[in-house]
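I set out to record how the chain is divided, how the sheets are built and how the parts meet. My entries follow the order in which I looked things up.

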Amino acid sequence: MDKAQQDALKKAAGIEAAKLIQDGMIAGLGTGSTVKFLVDELGRRHQEEGLEFTGVTTSRRTQAQAESYGIKIVDIDDVDHIDITIDGADEVDKNFNGIKGGGAALLWEKIVATNSNQIVWIVDESKVVDTIGKFPLPVEVIPFGAGHVIKKFEAKGYKPVLRLDADGKEVRTDENNFVVDLHLERIDHPQELAEDLITTVGVVEHGLFLNMVDKVIVGDPNGPRVLTNANK
């Protein structure tokens, strides 16, 4: 599938997901290429249809995009709840376990998600897999002592790689931390891995989002389809 086809599927999923946001809602807006189409559609509805809602964003770049349409964005600590959060995902499996953080926004994404009444992910069909792990698992790490954390991961066979930008400099998150990507190929025991990562000193958060999502809207050539998590 070429990029234009993939973008068309992402756009269709984003437009479908935008229908879930109604007047008066407090909505979490995620980060990434699929969410960009969602925010474009919400901006259109705000300007053309008068849709009024309050947004909480998971990254500064989503905030800038939303505000450019005149969408009201507030700080997460200024709201007592979030009705729904719509975000992308890098991978999601049949057990509704997902990997996020390809765009380095996993910490803010997880904070917004855990404070949401409903979580919806929008993905194109290439992101739906049998077992997660092919996509490298992002782990947000404090810069101080990051080299030691990477050595610990190496000793455990996690195949860690410090994420660098095009200039060879460390990628920094919105909280100014580093991202270490674990090239695991497949994750058969995500719960145990999540526990091991989060209890490693120096790790701030990891990109495993396990059984958190309520619905996944998949951009499909035949039109968006919705997968509903029966365990939620």
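The entries below go from the domains to the sheets, then to the interface and the salt bridges.

**Entry 1: model and domains.** I note at the outset that this is a predicted model. I looked up the division of the protein and found domain 1 (3-128 + 210-226) and domain 2 (137-205). Domain 1 is thus given as two segments, whereas domain 2 is given as one. I then took the separation of the two domains, and their C-alpha centres lie 25 Å apart.

**Entry 2: the sheet of seven strands.** I traced an open sheet of 7 strands, in the order 3-2-1-4-7-13-14, and recorded its pairing as mixed. At its edges I found strand 3 (72-73) and strand 14 (225-228), each of which pairs on one side only. I next examined the helix that lies against this sheet: helix 1 (residues 3-18) packs on it and touches strand 4 (84-87), strand 7 (119-124) and strand 13 (215-219). The direction of helix 1 makes about 160° with that of strand 7.

For one pairing in detail I chose strand 1 (residues 26-29) and strand 2 (residues 54-57), which run parallel and share 4 bridges. Within this pair I located Ile26, whose bridge partner in strand 2 is Thr54.

**Entry 3: the sheet of four strands.** I found an open sheet of 4 strands in the order 9-10-8-11, with antiparallel pairing. Strand 9 (160-162) and strand 11 (203-206) each have a single partner strand, so one side of each has no neighbour in the sheet. From one strand to the next, the twist averages 30°.

Here I looked closely at strand 8 (residues 137-141) and strand 10 (residues 178-182), an antiparallel pair joined over 5 bridges. Leu137 stands opposite Leu182 of strand 10. I also recorded helix 6 (residues 190-198), which packs on this sheet and touches strand 8, strand 10 and strand 11. Its direction makes about 155° with that of strand 11.

**Entry 4: the interface.** How much area do domain 1 and domain 2 bury between them? I read about 1200 Å², of which 63% is on carbon and sulfur atoms. Which three residues supply more than any other three of the area that domain 1 buries against domain 2? They are Leu106, Leu107 and Leu210, which supply 41% of that area. I noted that the contact takes 15 residues from domain 1 and 15 residues from domain 2.

I then turned to the polar side of the interface. Between the two domains, 5 residue pairs are in polar contact. On the side of domain 1 that touches domain 2, strand 6 (97-99) and helix 4 (106-114) are the elements that give two or more residues. Helix 4 gives the most, with 4 residues.

**Entry 5: salt bridges.** I searched the whole structure and found 17 salt bridges. Across the interface of domain 1 and domain 2 there are 2. I also recorded the salt bridge in which the side chains of Lys110 and Glu205 meet, at 3.1 Å from N to O.

I looked up another salt bridge, between Glu49 and Arg45, and found their closest N and O atoms 3.4 Å apart. Why are Glu49 and Arg45 separated by about one helical turn? I attribute this to their spacing, because they are 4 residues apart in helix 2 (residues 33-49).

Definitions and conventions. Residues are numbered from 1 along each chain as its sequence is written. This is a predicted model: local features need pLDDT of at least 70, side-chain atom pairs count only at pLDDT 80 or more; totals for chains, interfaces and linings use all residues. Side-chain values use heavy atoms; hydrogens and water are left out. Two strands pair if DSSP finds at least two bridges between them. Contact means heavy atoms within 4.5 Å. Axes are lines fitted to C-alpha atoms, for helices over the stretch in contact, and angles run from 0 to 180 degrees between N-to-C directions. Domain bounds come from an automatic or database domain assignment. Buried area is the accessible area (1.4 Å probe) that two parts lose on being put together, summed over both. A salt bridge is a side-chain nitrogen of Lys or Arg within 4 Å of a carboxyl oxygen of Asp or Glu. A polar contact is a pair of N or O atoms within 3.5 Å; within protein, one must be able to donate a hydrogen and the other to accept it, and residues adjacent in sequence count only if both atoms are side-chain atoms.
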